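Trainee: Please take me closely through one part of this model, the aromatic side chains and what surrounds them.

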Amino acid sequence: MKEKQAAERKEAGPKRFYVELNEYGWDQSEKFVKLFVTLEGVQNIDESDVVVNFTENSMNLNVNNFNGKDYVLVVNNLLHPIDIPKSYRKVKTGMVVVYLKKKLEGKHWACLTSIEKRLKDQSDAELKQCSENPSDALVNIMKKMYNQGDSKTKQMIAKAWTESQEKVHKGEYNPMEASLS
């Protein structure tokens, strides 16, 4: 039994790690939404190892056997439908570009996915509700920046908030006066 398992593992070759890609850039034109996935050296692998599967509302990029690993990027629930036969990918120096052909040419995509759109709309609605009170609006803007920011942004906001709270408690700082100036 052990010999059989060892033989099967040997036939399968070395085990590769699976890496989920979650960082990419995107842009759009009148006809296409383009996703830019940076992978240094990807231009050196066999083109057949870069595979994209499209559905009308999703995209799945697989970069197989790249530096001993399999890379995958899955984008589900696209904001609008795409034209599958006219969507494609290109391998360029240091990146893979995925071209999603818009089914509705000229339609502007505010976000890439419907989930992002829902979250953005919800966040905008919350900001609108608090816009009547300037200090509430300011606090909500800071919360939004904190929630969407990178680690440096979060650190700066937390530091500024802490310092302002310390001044308030010492009686040196009035947040209403600061927000009006």
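Mentor: The account below starts with the ring pairs and then moves outward to the surroundings.

The model is predicted, so local features need pLDDT of at least 70 and side-chain atom pairs count only at pLDDT 80 or more, while totals for chains, interfaces and linings use all residues. Residues are numbered from 1 along each chain as its sequence is written, and side-chain values use heavy atoms, with hydrogens and water left out.

There are four aromatic pairs in the structure (rings of Phe, Tyr and Trp, the last by its six-membered ring, with centres within 6.5 Å; planes under 30 degrees apart are stacked, over 60 edge-to-face, and the rest tilted). One of them joins F32 and Y88 edge-to-face, with 5.9 Å from centre to centre and 80° between the planes. F32 belongs to strand β3 (residues 32-38) and Y88 to strand β7, so this pair ties together parts of the chain that are 56 residues apart in sequence. Strands are DSSP runs of E with at least two residues, helices are runs of H or I with at least four, and both are numbered from the N terminus. F32 has a relative accessibility of 17% and therefore counts as buried, whereas Y88, with a relative accessible area of 32%, is partly exposed (buried is under 20%, exposed over 50%, partly exposed in between, using a 1.4 Å probe and protein chains only).

Y88 also pairs with Y99, and here the rings are stacked: the centres are 4.6 Å apart and the planes make an angle of 10°. Since Y88 is in β7 and Y99 in β8 (residues 95-101), this pair ties together parts eleven residues apart in sequence. Y99 counts as buried, at 11% relative accessibility. Through these ring pairs F32, Y88 and Y99 are linked into a cluster.

A lysine adds to this picture. K101 lies over the face of F32, 5.9 Å from the ring centre (a charge sits over a ring if NZ of Lys or CZ of Arg is within 6 Å of the ring centre and within 35 degrees of the ring normal). K101 counts as buried at 7% relative accessibility, and its side chain meets that of E105 in a salt bridge, 2.5 Å from N to O (a side-chain nitrogen of Lys or Arg within 4 Å of a carboxyl oxygen of Asp or Glu). E105, at 49% relative accessibility, counts as partly exposed. Elsewhere, the charged end of K154 sits over the ring of Y146, 5.5 Å from its centre.

A search of the whole structure gives four salt bridges. Another of them starts from strand β7: R89 bridges to E47, with the closest N and O atoms 2.8 Å apart. R89 is in β7 and E47 in the loop between β3 and β4, so to speak distant parts of the chain, 42 residues apart. Both ends are partly exposed, R89 with a relative accessible area of 22% and E47 with 41%.

Next comes the nonpolar packing. The largest nonpolar core has 26 residues, of which L35, M59, L61, V63, V98 and L100 touch the most other members (such a core is a set of buried Ala, Val, Leu, Ile, Met, Phe, Trp, Tyr and Cys residues joined through side-chain atoms within 4.5 Å). Two or more residues each come from β3, β4 (50-55), β5 (58-66), β6 and β8. The largest share is that of β5, which gives four residues. L100 brings the account back to the rings: leaving out residues up to four places away in sequence, it touches F32, and also K31, V33, L35, F54, M59, L78, I82 and S87 (contact means heavy atoms within 4.5 Å).

Two of those partners, L78 and I82, recur around S58. S58 is found in strand β5 and counts as buried at 13% relative accessibility. Beyond its neighbours within four places in sequence, S58 is in contact with N53, V75, N76, L78 and I82. Its side chain is also joined to that of T55 by a polar contact of 2.5 Å (a pair of N or O atoms within 3.5 Å; within protein, one must be able to donate a hydrogen and the other to accept it, and residues adjacent in sequence count only if both atoms are side-chain atoms).
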